[in-house]
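Here are some short exercises to work through with the coordinates open. Try each task yourself before reading the solution.

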Amino acid sequence: MTCRKNQATLTTTERQAFVAAVIALKHAPSKAGEANRYDDFVREHVDSMNAGAGWAHGGPAFGPWHREYLRRFELELQKIDPNVTLPYWDWTIDNSPDPNQPGSPWTDDFMGGNGDASGVVTTGRFRHAAGDWVLNINTAGNGPELRRGFTGRASTLPTPSEVSNCLLETPYDSPGWNQSVTPSFRDRLEGWHGLGSIHNRVHLWVGGSMLPASSPNDPIFWLHHCNVDRLWALWQRDHPGGANYRPRGLAGETGPSGHNLNDSMQPWGGATTVASTLDHRDMGYWYDTDPPDITLATPSLAFKDVPQGMGGAGRTTYRAVVFEVRSCMPSAFEIVAGPSGGFSTTALGTSVNVPSNPGNGPAYGRLWIAYTSTNPGDVANRSVTVAQTGTTNQWVIPITANTIARPKSAAVFALDRSGSMSGNAGDGTTKADKLKESLGVFVDTMLEGDGIGIVSYDDVVDRLSDVLDAGPQPPAPGSGREKAASIIAGNALDPRGNTAIGSALIEAQSVIDDALAVAAPPYDKTAIIVLTDGMENVPPMIGSVLGSISSPTYAVGLGLSNQISVAALDALAQATGKYLLITGALTADQRFRLSKYFLQILAGVSGADIIVDPTGDLQFGPTVRIPFDVAEADYGIDAILVSPLAQVVDFRLESPDGTLIDSGKVGGNGWWVVRRDVAYYRLPLPFGKPGSGIHGGRWHALLTLDKGLVEKALRDDKRREELLRELRSGTVPYSFVANAYSMLNFEAHGEPASVSPGKSATVTAALTEYGVPVAGRAKVWVEVSAPNGAASVVSLTETGPGVFAAEIPTHLPGLYALRCRARGRTFYGLPFSREVTLSLCAIGERGKPVPDDLSGKEARAQPSGLDNGLLDLLECLIGHVKGDLFGIPPEQIKECLAKVRGQRLPVALSERAARPGAAFMAARTTAPAPTIVDLIEAAPVPPPPPDHDHREPMFGLSPEDKAIGEEQRAHTVADEMKAVQAAAQRKARRGRRPDTSHPHGDEQ
């Protein structure tokens, strides 16, 4: 959007930029065979006034023609300097020829001043002597110099009262449609009738080069006509709608050619019609006197289905009263009444300033309202009243809200039990054992009410458990936790066979579909978690079943990235809106990585965010203090300790006020759970008694290896050897995870998850608080751990409000572990932290199978070699071999087959070249259709255009002005201006800045 401002308000820099752009146009090449581009516009105006043409003056198109003409000139200036706009000269106020008067356009750095005794302008950048301003088209024939003769042809400029009376004139134009007809607004504005001779008088007052048809030679022409156009815009505001333009071109109301509503205007023709100019704002510019175009985008506010927080605690949600504002001047809005009855204002304040919006779209003003959930089924109805500051404009917005129970989630695991799961996970335990350990942590920390189902697969798919409610802790008979525990303890996940991932996904989706069909109430969210340690080698392949998977799917690769179907799993996760995680080798220092991945996925499924996620070791004696920041937007927290000796750790929490919370103090205000490998606190917030609960600030987890608990555990014969093995090193490893159930949410995503070494992937992240982007209040970065253990940090750039992005480079093949972290401050000023773990694999083309569905991609020709079917058969047969084959372990044979398969896969996929369609090409090559205002009747043949008297000067005074004479008028004008100035001084004394931007004064 271009904002046209009063020239009296321009800064020195803005004045100089405008002058420089005008002079640059004077030196730019012509497009019409003239001396320069500026002169093209002079020629257009001269031609418009030639005998018989009648394009622009003395007829209804006076307003539309000049509006189009000015906009085209302005756009040419903006090609030179995009920040330049046409200013307007309000000659009713800034009416002195003295360049030293405040607001004068006649200063040396702007328009220059009056002419000398011979009329030649000798000051400013537009004087002929400066060398930049030569009049090449001069219909007055008096030389190449710019000339002016202030007050020579008219002693005064139009006054505020004369302009105000002009703006009251109706209709727009009258039959006859020429300069001899009255009454009409156009005729009065142009100056042929009525006191003031509005437009014409200004030409006559300036004199010199402003008198002939070549008047655009004087740059003041543009400022003068910009003000004339502004006055027409003010008249249109009070007389809206295209129907108020006359003539419309219907029988009995037909004006000269080019002057009817749907006529094309010369010399432009085509789509440039009178109708196309009727809304200057649609043409891309506004005046600083235009009232803002305000749309209440939220005529009502609905806090629909706000869930309860944890343990029945209230959960606060924000909604915004939104105003769309189009204006080149700032606006402000404020809450003047309400809200109440469960609704409240927020830390974002009760008022908002909306800046001017130089872009094409609207600017937005948001006033935020909060609602805190109560009991399921409760409904609230209230209202809030918002006013536009400084005006009488007010809006009453009704507000409704209802509370529902906490949304429930269902997660179904599809777990690999192929033969390779018997391999070493990296720390001496098998992959199958590591899976069972991590699955147990997931199940033990689930929220009561959420459901879990389990599918296992090798080349055979087994539904081990339908979706069952996790149930309470400790596990109740028949609950999902009990069922999962029995599966973990049994042999249903023991390794065997091949890898049928596609079939497992179909079965997992079927388990979810069955649960949704019978659950009452139904589950609100669903997810599939598929885990594998190898390459899919039993059809159907992942690519061919993607269309059948409707649930968000998390993919987890257990092991080395080059031994896993990374590309296919990544495509699955991306297609369903989730992500892929690869563990790599689970060495001693990464033994908890799979459990951490499962806890992160659990947080995503249950709607939580990770606050911190450190690991370490405990030893006898010292207490480890782990800080984590809780925000007022958090309505619940989980503090989770994962350790093989979780049961022997004295685990307490310290709140921001120093209160120590242990298992005995949780009581009925939360949950304390300790299981085989995990212990955790689950606390609703605020924690404690109503009105005095503990909430935001810095909390600490306190971890101490307790000798008494160790001695007690060692008396358990079933775990004695395991405990002694863990204690042998003198330390106990642990992982601590703090989750927040919160309205402050952090999401991070990496794409793609697999690249060739040397390539980069993009990590994007987003932060919102109560649904509002966290703009300018946070830093986001990624801690990168390379395959060789090298660590680096990549900062993300805030590319939009609360949106961050960065490229993560790779150099070596292998797994890059990405810890994406955010720190910032909340609306209330409290610090917060969030983090998400991602995976990036640099493995080239190895282990990258061709998707069954190429989705518009073409595979290069494959090298000759073994047939895929034969490779599948060999892998299947080897899966049934007991012991070694020819002295070679089956796992080694499978690895060799994987290598062979990897070598013969396509080396690349190439996108088809995008080609523009026929519709696109037609749009590019077809001229735009003219703006049309629908009419009922066809227009008859119009009369010929008016034949004007083209003797110089081209502009005359009205009969009314001629009748009173210039001497008498000067006295009258002086008296009026004194009254105007006195009124302005009275306003100033009352502490109000007088509005001198246009004749309507306070009406703006």
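The exercises below go from single residues to helices, strands, cores and salt bridges.

This is a predicted model, in which local features need pLDDT of at least 70, side-chain atom pairs count only at pLDDT 80 or more, and totals for chains, interfaces and linings use all residues. Residues are numbered from 1 along each chain as its sequence is written, and side-chain values use heavy atoms, with hydrogens and water left out.

**Exercise 1. Place A515 in its surroundings.**

Step 1: Find its element. A515 belongs to helix α10, residues 501-518; helices (H or I, at least four residues) and strands (E, at least two) are DSSP runs, numbered from the N terminus.

Step 2: Classify its accessibility. The classes are buried (under 20% relative accessible area), exposed (over 50%) and partly exposed in between, with a 1.4 Å probe and protein chains only. A515 has 9% relative accessibility, so it is buried.

Step 3: List its contacts, meaning heavy atoms within 4.5 Å. Setting aside neighbours within four places in sequence, A515 touches V467 and Y523. V467 is 48 residues away in sequence, yet the C-alpha atoms of the two are 6.0 Å apart.

**Exercise 2. Check the span and burial of helix α8.**

Step 1: Compare spans. The expected value is 1.5 Å times one less than the number of residues. Helix α8 (residues 431-445) has 15 residues and reaches 21 Å from its first C-alpha to its last, close to the 21 Å expected.

Step 2: Count buried residues. In α8, 13 of the 15 residues are buried, so the helix is largely enclosed by the rest of the structure.

**Exercise 3. Identify the pairing around strand β9.**

Step 1: Locate the strand. β9 covers residues 363-372, and seven of its 10 residues are buried.

Step 2: Look for partners; two strands pair if DSSP finds at least two bridges between them. Strand β5 (residues 316-326) runs antiparallel to β9 over 10 bridges, with F323 opposite G365. Strand β7 (residues 343-345) is also antiparallel to β9, joined by three bridges, and F343 faces Y371 there.

**Exercise 4. Find the centre of contacts in the largest nonpolar core.**

Step 1: Apply the rule. A nonpolar core is a set of buried Ala, Val, Leu, Ile, Met, Phe, Trp, Tyr and Cys residues joined through side-chain atoms within 4.5 Å.

Step 2: Rank the members. Among the 89 residues of the largest core, F598 and L767 touch the most other members. Helix α13 (residues 593-606) gives the most to this core, with eight residues.

Step 3: Inspect F598. Beyond its neighbours within four places in sequence, its contacts include F413, L435, F442 and V556.

**Exercise 5. Compare the burial of salt-bridge partners.**

Step 1: Set the criterion. A salt bridge is a side-chain nitrogen of Lys or Arg within 4 Å of a carboxyl oxygen of Asp or Glu; the structure holds 53 of them.

Step 2: Take K434 and D427, whose closest N and O atoms are 2.7 Å apart. K434 is buried at 1%, whereas D427 is partly exposed at 25%.

Step 3: Take E835 and R819, with closest N and O atoms 2.9 Å apart. E835 is in strand β37 (residues 831-842) and R819 in strand β36 (residues 814-825), 16 residues apart. E835 is buried at 4%, and R819 is partly exposed at 24%.

Step 4: Look for shared partners. R4, R67, R71, E74 and D229 are joined into one network by salt bridges that share partners.
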